[in-house]
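Here are some exercises to work through with the structure open beside you. Try each task before reading its solution.

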Amino acid sequence: MAPTPAGDGRTRIHVVSDVHGNVRDLRRAGEGADAVVCLGDLILFLDYADHSRGIFPDLFGVENADRIVALRTARRFEEARAFGARLWAGVEGDRAQVIEQAVRRQYAELFAAFPTPTYATYGNVDMPPLWKEYAREGTTVLDGERVEIGGRIFGFVGGGLRTPMRTPYEIGDEEYAAKIEAVGEVDVLCTHIPPDVPELVYDTVARRFERGSRALLDAIRRTRPRYALFGHVHQPLVRRMRVGSTECVNVGHFAGTGKPWVLQW
């Protein structure tokens, strides 16, 4: 159900992405807003800014977290995988079950912190099969779907494309393109990853190009939504630019800033 507009007659939406365990600020993300939109990446597996935070250092310690971050930052992915495999070999129990239990603990807190109403889609580090267990009344999960909010049509496409990082919710280009196609023409196109534009996909701190979607870029050019909103790239070269008549906006790294991006009309 669409939210009731604010007292001044306008609708105000707060948009967050890359929450990565920031429960404290998520609880306040809806203050003054008619609705919250979340573009995914709720889980904190490893904080690249603070290596003491996340599932990985909880299991293996900060020194090992330092090491795996250094390997990944240097794009030595095979070495990082081999190093991780040696660490996991020393853990009792099934690896998938250990990770799932840690993720469940985070999801229990995070979904409880969502304001009402919240409209959310998955990030590439999320585990979609678990969301239905934790999404409460007032939280609408959408992927390849549309919804009306305050008289405007919002389309949602979650997940990321396949990379050497092998995060949990990476899918093939064709499957991702099919979800974009299913959304069709909307006023606001909400995705986790950006369109495949060099300035939008380059991370200035990680010093690498993340994967953006060519199908998303083509859809923006073809359907011309008013806004294309996304996250994923934590420190982008450019946070905001126009593609044709569409305002493309990286809504920010919520885990770091604690502040939602505001859309108002």
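A pocket is an open set of grid points, on a 1 Å grid over the protein atoms alone, with protein on both sides within 12 Å along at least five of seven lines. Keep in mind that this is a predicted model.

**Exercise 1. The second largest pocket**

Find the volume of the second largest pocket and describe its lining.

Solution.
- Start with the volume, which is about 210 Å³ for the second largest pocket.
- Next, look at the lining: 13 residues contribute, and Gly54, Ile55, Asp58, Ala102 and Gln106 are the closest to the centre of the pocket.
- Then ask which helices take part. Helix 2 (55–60) and helix 5 each give at least two lining residues.
- Finally, weigh the shares: helix 5 provides the largest one, with five residues.

**Exercise 2. The largest nonpolar core**

Work out which residues of the largest nonpolar core touch the most other members, and which element supplies its largest share.

Solution.
- The core holds 57 residues, and those touching the most other members are Val16, Val19, Leu26, Leu42, Val103 and Tyr107.
- Helix 5 (residues 95–113) brings the largest share of this core, seven residues.
- Now zoom in on Tyr107. Setting aside neighbours within four places in sequence, Tyr107 has contacts that include Leu42, Ile43, Met127, Leu130 and Trp131.
- Another core lies apart from the largest one; it has 19 residues, among them Leu39, Tyr119, Tyr227 and Trp261.

**Exercise 3. The six-stranded sheet**

Trace the strand order of the open sheet of six strands, and explain why strand 5 and strand 13 each have one side without a neighbour in the sheet.

Solution.
- Reading across the sheet gives the order 5-6-9-12-14-13, with mixed pairing.
- Strand 5 (145–149) and strand 13 (240–243) are at the edges and have a single partner strand each, so one side of each lacks a neighbour in the sheet.
- From one strand to the next, the twist averages 20 degrees.
- Move inward to strand 6 (residues 152–157) and strand 9 (residues 188–191), which run parallel and are joined by four bridges. Here Phe156 has Cys190 of strand 9 as its bridge partner.
- Helix 7 (residues 173–183) packs on this sheet and touches strand 5, strand 6 and strand 9, its direction making about 170 degrees with that of strand 6.

**Exercise 4. Strand 12 and its partners**

Are the faces of strand 12 covered or uncovered, and how does strand 12 pair with strand 9 and strand 14?

Solution.
- Take the faces one at a time, counting a residue as buried under 20% relative accessible area. In strand 12 (residues 227–230), Tyr227 and Leu229 are buried on one side, while Ala228 and Phe230 are buried on the other, and both faces are covered.
- Strand 9 and strand 12 pair in parallel over three bridges, and Cys190 has Leu229 as its bridge partner in strand 12.
- Strand 12 also runs parallel to strand 14 (residues 246–250), with four bridges joining them. In that pairing, Ala228 is opposite Cys248.

**Exercise 5. The five-stranded sheet**

Identify the edge strands of the open sheet of five strands, then examine the pairing of strand 1 with strand 2.

Solution.
- The order is 4-3-2-1-15, and the pairing is mixed.
- Strand 4 (139–141) and strand 15 (261–264) are the edge strands, each pairing on one side only.
- The twist in this sheet averages 20 degrees from one strand to the next.
- Strand 1 (residues 12–16) and strand 2 (residues 35–38) are parallel and share four bridges; Ile13 has Ala35 of strand 2 as its bridge partner.

Key
Residues are numbered from 1 along each chain as its sequence is written. This is a predicted model: local features need pLDDT of at least 70, side-chain atom pairs count only at pLDDT 80 or more; totals for chains, interfaces and linings use all residues. Side-chain values use heavy atoms; hydrogens and water are left out. Two strands pair if DSSP finds at least two bridges between them. Axes are lines fitted to C-alpha atoms, for helices over the stretch in contact, and angles run from 0 to 180 degrees between N-to-C directions. Contact means heavy atoms within 4.5 Å. A nonpolar core is a set of buried Ala, Val, Leu, Ile, Met, Phe, Trp, Tyr and Cys residues joined through side-chain atoms within 4.5 Å. Buried means under 20% relative accessible area, exposed over 50%, partly exposed in between (1.4 Å probe, protein chains only). On a 1 Å grid over the protein atoms alone, a cavity is a set of points where a 1.4 Å probe fits but cannot get out, and a pocket is an open set with protein on both sides within 12 Å along at least five of seven lines; lining residues have an atom within 4 Å of a point. Grid points are joined across faces, edges and corners, and a volume is the space filled by probe spheres set on the points.
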